[in-house]
Amino acid sequence: MKMDWSSTLDEYEKLVIRMDTPRVVIDNAVCATATLVKVDSARKHGVLLEAVQVLADLDLCVNKAYISSDGRWFMDVFHVTDQNGNKLTDESVIRCIEQSLGTGYRSLGASQTHLPGVTALELTGTDRPGLLSEVFAVLSDQRCNVVEAKVWTHNARIASLIYINDIDSGSPLDDDSDRVSRIEDRLRNVLKGDNDVRSAKTVVALGVTHTERRLHQLMFADRDYERKVGSSWGETGSSHGLEAGPLVTVQGCAERGYSVVNVQCRDRPKLLFDIVCTLTDMDYVVFHGTVGTRGDEAFQEFYIRHTDGCPVSSEAERQRVIQCLQASIERRASKGVRLELRTLDRRSLLSDVTRTFRENGLSVTRAEVLTRGDTALNVFYVTDAAGNPAVEPRIIDSVRERIGLTNLLVKEDREHGIGKATAPGDPGLFSLVRRNLYNLGLIRSCS
């Protein structure tokens with residue numbers, strides 16, 4: 001009797017696909033204050049980041065999380081709300097989570113990074129007052145339209161991803177290599193300034209990557225985590241108190257072969273993403289972890305190993321992990337007055353607006369630029385030229401009068417003070433995760 005191997009192989013392939021595809025459960029019944037998102041998946045490097053990234057891209061707040069690994073499998077449970085602290089009731093958001101997490105993340109981040117008809121520019125250099133105004137002025141002079149952009153500054157460094165196209169035709173610039181080279185050269189000269197001790201970089205981004213993850217990678221490669229002499233962090237890389245900055249510790253867990261990372265800082269949206277992103281890009285794997293919040297404070301603990309299977313093995317490595325995690329938390333921290341610009345898009349709009357900031361002594365510490373149809377939707381965080389976040393109201397009023405009182409609004413920072421209700425002991429799906437952590441000796445109680 002001849003065996004039909006083709007059908008057997010088909011069933012085997014289906015089994016492999018099922019094993020590699022995460023199982024997603026979204027539950028609104030277990031907890032009264034949050035929606036539970038549970039993800040079971042095969043353990044592989046980066047899978048935790050991919051799950052957290054989906055939640056971050058939907059602007060969801062992770063108030064609690066339990067991360068557990070058992071052999072080849074991960075089980076992650078996230079306790080999430082919307083930005084107003086409410087459980088998830090929008091069916092479109094719930095379907096998006098199920099589809100994004102349940103497809104093995106194959107389409108992850110594409111909506112943020114693969115914009116049609118644009119050329120992506122990556123910029124890094126030394127930050128200084130008025131720099132962003134000069135960057136947008138160069139792009140305007142080169143007849144480039146800025147479709148989207150994100151700008152981060154930290155520790156006197158700047159990183160940006162700017163998506164541009166031709167202002168007349170709306171076409172990308174990829175095929176015009178001479179024009180791209182001219183733009184790169186002019187932007188590089190602007191970023192260098194007069195005294196940049198490091199080489200400023202301007203390149204056309206190749207391939208598709210997640211915008212905010214790429215910003216972390218750019219600043220990490222630029223070594224923004226290295227503190228200058230006299231920095232407020234001190235020499236140990238640790239802060240004391242939430243107002244002084246994030247407190248990060250790395251300790252050994254020799255009997256289990258892990259290093260234990262503890263983070264305590266002010267809570268904000270996308271905090272978990274920023275931390276997990278940095279650990280992943282530093283080639284560490286999170287095997288177990290817990291995330292919690294109390295008021296506006298966040299507490300996170302992770303049991304990690306390097307991808308080679310080893311825990312943190314030296315004091316220099318420990319200090320580097322501490323500094324890099326502190327930097328990842330601070331990059332997105334909102335420093336300054338939040339200004340929201342909503343107006344009809346036009347040529348040289350960004351150049352004109354940022355020039356007005358510069359002429360009034362304002363520096364941009366973070367920016368998000370978005371164009372939808374013929375409308376510009378931009379957010380700027382500004383300080384005075386000395387870096388003081390408490391800008392005098394008369395200066396803000398003067399800027400608003402120049403740009404338009406109805407176009408430029410002062411908004412309360414929405415990244416702090418978000419209502420979070422966290423119950424001390426939730427039943428249901430969390431119990432299995434906590435029991436697993438307890439059996440491994442990683443927590444003191446499974447209750």
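Modeller: Let's settle one word before we start: a contact means heavy atoms within 4.5 Å. And keep in mind that this is a predicted model.

Biologist: Fine. Which residues does Phe302 touch, leaving out those up to four places away in sequence?

Modeller: Quite a list: Ile67, Ser259, Val260, Val261, Leu272, Ile275, Leu279, Val286, His288, Gly289 and Val291. Each of them counts because it has heavy atoms within 4.5 Å of Phe302.

Biologist: And which residues have the most contacts inside the largest nonpolar core?

Modeller: Phe302 again, together with Phe78, in a core of 50 residues. Helix α2, residues 47-57, supplies the largest share of this core, with eight residues. A separate core holds 42 residues, including Val146, Leu362, Ala376 and Ile395.

Biologist: What makes Val146 a member of a core, then?

Modeller: Being in the 42-residue core means that Val146 is buried and joined to the set through side-chain atoms within 4.5 Å.

Biologist: On to the strands. How do you know that β9 and β10 pair?

Modeller: Pairing takes at least two bridges. Strand β9 (residues 247-253) and strand β10 (residues 258-266) have seven, in the antiparallel sense, so they pair. One of the bridges puts Thr249 opposite Asn262 in β10. The hairpin has four residues between its strands, and Gly257 there takes a positive phi near 75°.

Biologist: What joins β10 to β12?

Modeller: Eight bridges, with β12 covering residues 297-306 and the two strands running antiparallel. That also clears the bar of at least two, so this counts as a pair. Here Ser259 has Ile304 in β12 as its bridge partner. Overall, the chain has 12 helices and 16 strands.

Biologist: Why is Cys324 called buried, and Cys96 partly exposed?

Modeller: Buried means under 20% relative accessible area, and Cys324 has 0%, so it is buried. Cys96 has 28%, which falls between 20% and 50%, so it is partly exposed.

Biologist: How many disulfides does the rule give?

Modeller: Zero. A disulfide needs a pair of cysteine sulfur atoms within 2.5 Å, so the zero count means no pair meets that cut-off.

Biologist: What is unusual enough about Asp59 to mention its phi?

Modeller: Its phi is positive, about 60°, although Asp59 is not a glycine. Asp59 lies in the loop between α2 and β3 (61-70). At 37% relative accessible area it sits between the 20% and 50% limits, so Asp59 is partly exposed.

Biologist: Where is Ser348, and why is Ser348 called partly exposed?

Modeller: Ser348 is in the loop between β13 (337-344) and α10 (349-359). Its 27% is not under 20% and not over 50%, so partly exposed is the label. Ser348 isn't a glycine either, yet has a positive phi of about 65°.

Biologist: What share of the chain is buried?

Modeller: Buried residues make up 50% of the 447. As for contacts with a separation of 6 or more, 72% come from residues 24 or more positions apart.

Biologist: What is the mean pLDDT of the chain?

Modeller: The mean pLDDT is 83, with 79% of residues at 70 or more. Residues 229-242 are below 50, though this stretch has 25 contacts in the model beyond near neighbours in sequence. Residues 416-437 are also below 50, with 55 such contacts.

How values were computed. Residues are numbered from 1 along each chain as its sequence is written. This is a predicted model: local features need pLDDT of at least 70, side-chain atom pairs count only at pLDDT 80 or more; totals for chains, interfaces and linings use all residues. Side-chain values use heavy atoms; hydrogens and water are left out. Buried means under 20% relative accessible area, exposed over 50%, partly exposed in between (1.4 Å probe, protein chains only). pLDDT is the predictor's confidence in each residue, from 0 to 100.
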